[in-house]
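Here's a quick tour of the pockets in this protein and of one helix that helps to line them. Have the sequence and the 3D view open as you read.

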Amino acid sequence: MESMGKKKPRPRRSFTPEFKAEIVELCRRGDRSVGQVAKDFDLTETAVRDWIKQAEVDAGERDGLTSNEREELARLRRENRRLREDVDILRRATAFFASMPK
């Protein structure tokens with residue numbers, strides 16, 4: 001009875017841009033609903049809808065960050081985090097050496 005109503009979390013999967021583009025194209029054709037395409041390919045409907053939205057942004061049909069802009073933003077955030085860590089290390093080293101007797 002403990003497992004009733006509790007679903008196991010789905011493992012995180014990654015998909016190639018080509019696969020996502022194919023799924024988006026299937027949805028745009030209009031032969032099947034987004035829900036049906038998601039079900040046929042064992043995907044979540046939310047993921048497919050997100051891919052469609054991102055494809056619309058990339059095509060200039062919708063406002064938002066393009067895929068390239070998202071990648072650049074993620075890269076810059078990683079770099080910023082690393083640089084902050086470097087500055088913190090240097091700040092600690094400076095404080096350590098300043099506290100040493102002469």
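What follows goes through the pockets, then helix α3, then one residue of that helix.

This is a predicted model, where local features need pLDDT of at least 70 and side-chain atom pairs count only at pLDDT 80 or more, while totals for chains, interfaces and linings use all residues. Residues are numbered from 1 along each chain as its sequence is written, and side-chain values use heavy atoms, with hydrogens and water left out.

**Pockets**

Rolling a probe the size of a water molecule over the atoms shows where empty space is left. Here a pocket is an open set of points on a 1 Å grid over the protein atoms alone, where a 1.4 Å probe fits and protein lies on both sides within 12 Å along at least five of seven lines; lining residues have an atom within 4 Å of a point. Grid points are joined across faces, edges and corners, and the volume is the space filled by probe spheres set on the points. For the classes, Ala, Val, Leu, Ile, Met, Phe, Trp, Tyr, Cys and Pro are nonpolar, Asp, Glu, Lys and Arg are charged, and the others, Gly among them, are polar.

| Pocket | Volume | Lining by class |
|---|---|---|
| Largest | about 520 Å³ | 9 nonpolar, 4 polar and 8 charged residues |
| Second largest | about 320 Å³ | 5 nonpolar, 2 polar and 4 charged residues |

The largest pocket has 21 lining residues, with Lys-20, Trp-51, Gln-54, Asp-58 and Ser-67 nearest its centre. Two or more residues each come from α1 (17-29), α3 (45-58) and α4 (67-98), and α3 gives the most, 7 residues. Helices here are DSSP runs (H or I, at least four residues), numbered from the N terminus. As for the second largest pocket, its lining includes Arg-10, Phe-15, Lys-20, Ala-47 and Trp-51.

**Helix α3**

The 14 residues of α3 should span 20 Å at 1.5 Å a residue (counting one less than the number of residues), and its end C-alpha atoms are indeed 20 Å apart. Its buried residues (under 20% relative accessible area, 1.4 Å probe, protein chains only) are Val-48, Trp-51, Ile-52, Gln-54, Glu-56 and Val-57. Their cover includes α1, α2 (34-40) and α4.

**Gln-54**

Is Gln-54, in helix α3, buried or exposed? Gln-54 counts as buried because its relative accessibility is 17%. Its side chain makes a 2.9 Å polar contact (N or O atoms within 3.5 Å, one able to donate a hydrogen and the other to accept it) with that of Arg-70. Leaving aside residues up to four places away in sequence, Gln-54 touches (heavy atoms within 4.5 Å) Leu-65, Thr-66, Ser-67 and Arg-70.

Definitions and conventions. Buried means under 20% relative accessible area, exposed over 50%, partly exposed in between (1.4 Å probe, protein chains only).
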